[in-house]
Amino acid sequence: MSNFLSYFKDVDIVKIELKKIFSLSEMIKKKIYFMEVCGTHTMQISKYGIRKILPQNIKLISGPGCPVCVTPLEFIDKAIYILDNFENVTILTFGDLYRVVGSKSSLEKEKSKGKDIRILYSPDEILSLAKENPDRNIVFLSIGFETTLPSIGCVIKEAKVQNIKNIFFLMGNKFFLPALEVLILLSRNFISSNFNADSTIDGFILPGHLSTIIGERSYHWIAQKYKIPSVITGFEPVDILQGIRLLVEMIVSKNPGVKNQYSRVVSYDGNLYAKEIIKEVFDITEGKWRGMGLIPATAAKLKKEFEDFDAEKRFNIPNFNNEENLFGCRCNEVLIGKITPIECPLFDKVCNPENPKGACMVSTEGACAAYYKYERI
Ligand code: SF4
């Protein structure tokens, strides 16, 4: 197994793939833009310096692949509203969300004021914490794409089976694919000198983890409707370079489609059981994305039979309608590839991981955090 995995980090194979990319790139006379839409890819591309070793005419830009980053400010405001207005509340969250600033405060600051906010490492802990604390209202801040929804769905189903009454889910989970189409349309406004006249982004590096759930079949519309090639890749340097090489091959051959470089993990149909759980527990509704606003059919909502667990209903949370970015933060533009993190005037001046101004610097999958860690000039 270790030999198998070391193949994907092998320097000689990296060199072979790069050579192929350089030779193919000479057949393309214009600048082309490939976008990765997965936070883990963003980190890996920065970490391995892949952006810098590619031919001059191939540009990699980062898209909305980080679930924490695309979560609007109002999600944090809603959590703080519950803490401020109800007794005996315990908020459970994964680590990245803890330091994201809402319109007034962050969970980290609220904890320093004595509020009960706990960081989880696995969804399994939600039920045990609820059972250990029967007198408290346990509220889980649920964010993520289709990758995390099945495990949250299982927890919700189990909570119903066990008749647990003190557990609530503040739903911020998103369905990714409709947002990808909005992104294609939005990018027409700001990517120029593009290769593909019908669209703007010339190729997508599709998310590995998400694709294990939704499968290769979910992506064919990208090439059919917009003539944009895309590739599902893994996360090692060889994976990413093979993905880029496949994209360039499709451009050169004028034959856009979907290639699955990550077939060792991603199947054509995805994980049918996981998809069934999603369908069983969640409805789909309009969702608000940082950087892209309201997008139909992109937010997960609990189905009627599970709505006793819905934090919005239980705590009667009002609507929050906030500015997308505060303090001069330009996460909204970073998230759609309009600017690179380095183009934000606050980057590395007043915004850094110690003192983050926006979610893109807080999250371990955020583009600003990736550039700060690996790509500062
Ligand atoms: S560098 Fe900081 S302020 Fe600028 S977009 Fe990124 S997170 Fe926001």
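Begin by selecting Asn316, which is exposed, with a relative accessible area of 61%, and which sits in the loop between α16 and α17 (331–334). Although Asn316 is not a glycine, its phi is positive, at about 50 degrees. Most residues other than glycine have a negative phi. Keep in mind through this and every later stop that the model is predicted.

Next select Lys254, another residue that has a positive phi of about 50 degrees without being a glycine. Lys254 belongs to the loop between α14 (237–252) and β9 (258–260), and with a relative accessible area of 71% Lys254 counts as exposed, because the cut-off for that word is over 50%.

From these loops, move to helix α3 by selecting residues 39–47, of which eight out of nine are buried, so that the helix is largely enclosed by the rest of the structure. The buried residues of α3 are Gly39, Thr40, His41, Thr42, Met43, Gln44, Ile45 and Ser46. Just after α3 you can click on Gly49, where phi is positive at about 65 degrees.

**The core**

Now turn to the largest nonpolar core, which has 100 residues, and select Val139, Phe169, Phe204 and Phe282, the residues with the most contacts inside it. Helix α6 (residues 73–85) gives the most to this core, with six residues. Colouring by domain is useful here, since the core draws at least three residues from each of domain 1 (2–67 + 176–260) and domain 2 (71–175 + 273–314).

**The cysteines**

Select Cys66 and Cys69 together and show their side chains: these two residues form a disulfide, with their sulfur atoms 2.4 Å apart. How many disulfides are counted in the model? The count comes to one. The link of Cys66 and Cys69 is right-handed, with 75 degrees about the S-S bond, and both cysteines are buried. Two further cysteines make a useful comparison of surroundings: Cys154 is partly exposed, at 33% relative accessibility, whereas Cys360 is buried, with a relative accessible area of 1%.

**The pockets**

Which residues lie nearest the centre of the largest pocket? Select Glu74, Lys78, Met171, Glu286 and Glu312 to find them, among the 25 residues that line this pocket. The space in the largest pocket is about 640 Å³. Its lining takes at least two residues from each of α6, β10 (282–289), β11 (293–302) and α16 (311–314), and β11 supplies the largest share, with five residues. If you colour this lining by class, you will find ten nonpolar, six polar and nine charged residues.

For the second largest pocket, with a volume of about 520 Å³, select Pro67, Val68, Gly144, Thr148 and Glu365, which lie nearest its centre among the 25 residues of its lining. The elements that give two or more residues to this lining are α5 (67–70), β3 (89–94), α7 (95–98) and α12 (208–214), and the largest share, three residues, comes from α7. By class, the lining of the second largest pocket has 13 nonpolar, ten polar and two charged residues. With the domain colours still on, you can see that this lining draws at least three residues from each of domain 1 (2–67 + 176–260) and domain 2 (71–175 + 273–314).

**The cavities**

The last stops are enclosed spaces, and a search of the whole structure finds five cavities of 30 Å³ or more. The largest cavity holds about 80 Å³ of space, and to see its lining you can select Cys329, Arg330, Cys331, Val334, Cys344, Leu346, Phe347, Cys351, Lys357, Gly358, Met361 and Cys368. Sorted by class, this lining consists of nine nonpolar, one polar and two charged residues.

The second largest cavity holds about 60 Å³ of space. Twelve residues line this second cavity, and those to select are Leu73, Val101, Arg290, Lys357 and Gly358, the closest to its centre. The lining of the second largest cavity has seven nonpolar, three polar and two charged residues. Finish with Lys357 and Gly358, which belong to the lining of the largest cavity and are also among the residues closest to the centre of the second largest one.

Technical notes: Residues numbered from 1 in each chain as written. Predicted model: local features only at pLDDT ≥ 70, side-chain atom pairs only at ≥ 80, totals over all residues. Heavy atoms only, no water. Disulfide = S-S within 2.5 Å. Buried < 20%, exposed > 50% of the residue type's maximum accessible area, 1.4 Å probe, protein only. 1 Å grid on protein atoms, 1.4 Å probe; cavity = no way out; pocket = protein on both sides within 12 Å on 5 of 7 lines; lining within 4 Å. Points joined across faces, edges and corners; volume = space filled by probe spheres on them. Nonpolar A, V, L, I, M, F, W, Y, C, P; charged D, E, K, R; others polar. Core = buried A, V, L, I, M, F, W, Y, C linked by side-chain atoms within 4.5 Å. Helix = DSSP H or I, 4+ residues; strand = E, 2+ residues; numbered from the N terminus. Domains from an automatic or database assignment.
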